[in-house]
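Work through the exercises below with the sequence and the structure at hand. Try each task before reading its solution.

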Amino acid sequence: MRPNDPCPCGSRLPYIECCGPVHAGAPAGTALALMRSRYSAFALGLGEHLLRTWHPDTRPDGVELDDDILWRRLQIVDTARGGEADD
Ligand SMILES: [Zn+2]
């Protein structure tokens, strides 16, 4: 994926302005941004990001992503709160 390609999360932003920085280690500003980055990580095969953002209580020792799975889209039905000022 090139940095200016559309982000796999479906935000319609270039990857470099959406999930790319979160994948590179920047904090996700909101729960929604974190969810989008995790979806994109599945789509791009970024297992390390999945592990890094997995709750430690349930995080496995590793993840094996299946290259045969095609992640088509993320559908966000609704959100409640989850802004940058929310806990
Ligand atoms: Zn994204």
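**Exercise 1: Two arginines with positive phi**

Task: Decide whether Arg-12 counts as buried or exposed.

Solution. The model is a predicted one. Arg-12 has a relative accessibility of 80%. The cut-off for exposed is over 50%. Arg-12 therefore counts as exposed. Its place is in the segment before α1. The phi angle of Arg-12 is near 75 degrees, a positive value in a residue other than glycine.

Now take Arg-81, in the segment after α3. Arg-81 is not a glycine, yet its phi is positive, at about 50 degrees. With a relative accessibility of 76%, Arg-81 counts as exposed.

**Exercise 2: The overall chain**

Task: State how many helices and strands the protein chain has, and in what order the elements run.

Solution. The protein chain has three helices and zero strands. Read from the N terminus, the order is α-α-α. The next step is the radius of gyration, which is 13 Å for the protein chain. The globule rule gives 12 Å for 87 residues, and 13 Å is close to that, so the chain is as compact as a globular protein of that length. Along the principal axes, the C-alpha atoms fill a box of roughly 35 × 35 × 25 Å. Of the 87 residues in the protein chain, 22% are buried.

**Exercise 3: The zinc site**

Task: Find which residues coordinate the zinc ion, and name the geometry of the site.

Solution. Begin with the donors. The zinc ion is coordinated by the SG atoms of Cys-7, Cys-9, Cys-18 and Cys-19, at 2.2 to 2.3 Å. Along the chain, these donors follow the spacing C-x1-C-x8-C-C. Next, look at the angles among the four donor atoms, which are 98 to 116 degrees. Four donors count as tetrahedral if all angles lie between 85 and 135 degrees. The site of the zinc ion is tetrahedral. As for accessibility, both Cys-18 and Cys-19 are buried.

**Exercise 4: Aromatic rings**

Task: Count the aromatic pairs, and classify the pair formed by Tyr-39 and Trp-71.

Solution. Rings pair if their centres lie within 6.5 Å. By this rule there are two aromatic pairs. For Tyr-39 and Trp-71, the ring centres are 5.9 Å apart and the planes stand at 85 degrees, so the pair is edge-to-face. Tyr-39 belongs to helix α2 (residues 31–44), while Trp-71 is in the segment after α3 (47–52), so the pair ties together parts that are 32 residues apart in sequence.

Then compare the accessibility values. Tyr-39 has 8% relative accessibility and counts as buried, whereas Trp-71 has 34% and counts as partly exposed. Tyr-39, Trp-71 and Phe-42 form one aromatic cluster.

Another ring has a charge over it. Arg-38 lies over the face of Trp-54, at 5.3 Å from the ring centre.

**Exercise 5: Distance in sequence and in space**

Task: For Ala-24 and His-49, give how far apart they are in sequence and in space.

Solution. Ala-24 and His-49 are 25 residues apart in sequence, and their C-alpha atoms are 8.6 Å apart in space. Ala-24 lies in the loop between α1 (19–23) and α2. At 69% relative accessibility, Ala-24 counts as exposed.

Two further pairs can be treated in this way. Ser-40 lies in helix α2 and, at 0% relative accessibility, counts as buried. Ser-40 and Thr-58 are 18 residues apart along the chain, and their C-alpha atoms are separated by 20 Å. Asp-78 lies in the segment after α3 and is exposed, with a relative accessible area of 65%. Asp-78 and Asn-4 are 74 residues apart along the chain, with 27 Å between their C-alpha atoms.

**Exercise 6: An annotated span**

Task: Say which residues the UniProt annotation covers, and how much of that span is helix or strand.

Solution. An unreviewed UniProt entry carries the annotation "domain: YchJ-like middle NTF2-like" for residues 30–82. That span is 38% helix and 0% strand. The end C-alpha atoms of residues 30–82 lie 6 Å apart.

Methods
Residues numbered from 1 in each chain as written. Predicted model: local features only at pLDDT ≥ 70, side-chain atom pairs only at ≥ 80, totals over all residues. Heavy atoms only, no water. Phe/Tyr/Trp six-rings, centres within 6.5 Å; stacked < 30°, edge-to-face > 60°. Helix = DSSP H or I, 4+ residues; strand = E, 2+ residues; numbered from the N terminus. Buried < 20%, exposed > 50% of the residue type's maximum accessible area, 1.4 Å probe, protein only. Lys NZ or Arg CZ within 6 Å of the ring centre and 35° of its normal. UniProt positions renumbered as here; feature names shortened; annotations may be inferred. Donors = N, O, S within 2.8 Å, 3.2 Å for Na, K, Ca; no water. Tetrahedral: all angles 85-135°; square planar, octahedral: opposite > 155°, others 65-115°. Rg over C-alpha atoms; globule rule 2.2 N^0.38 Å.
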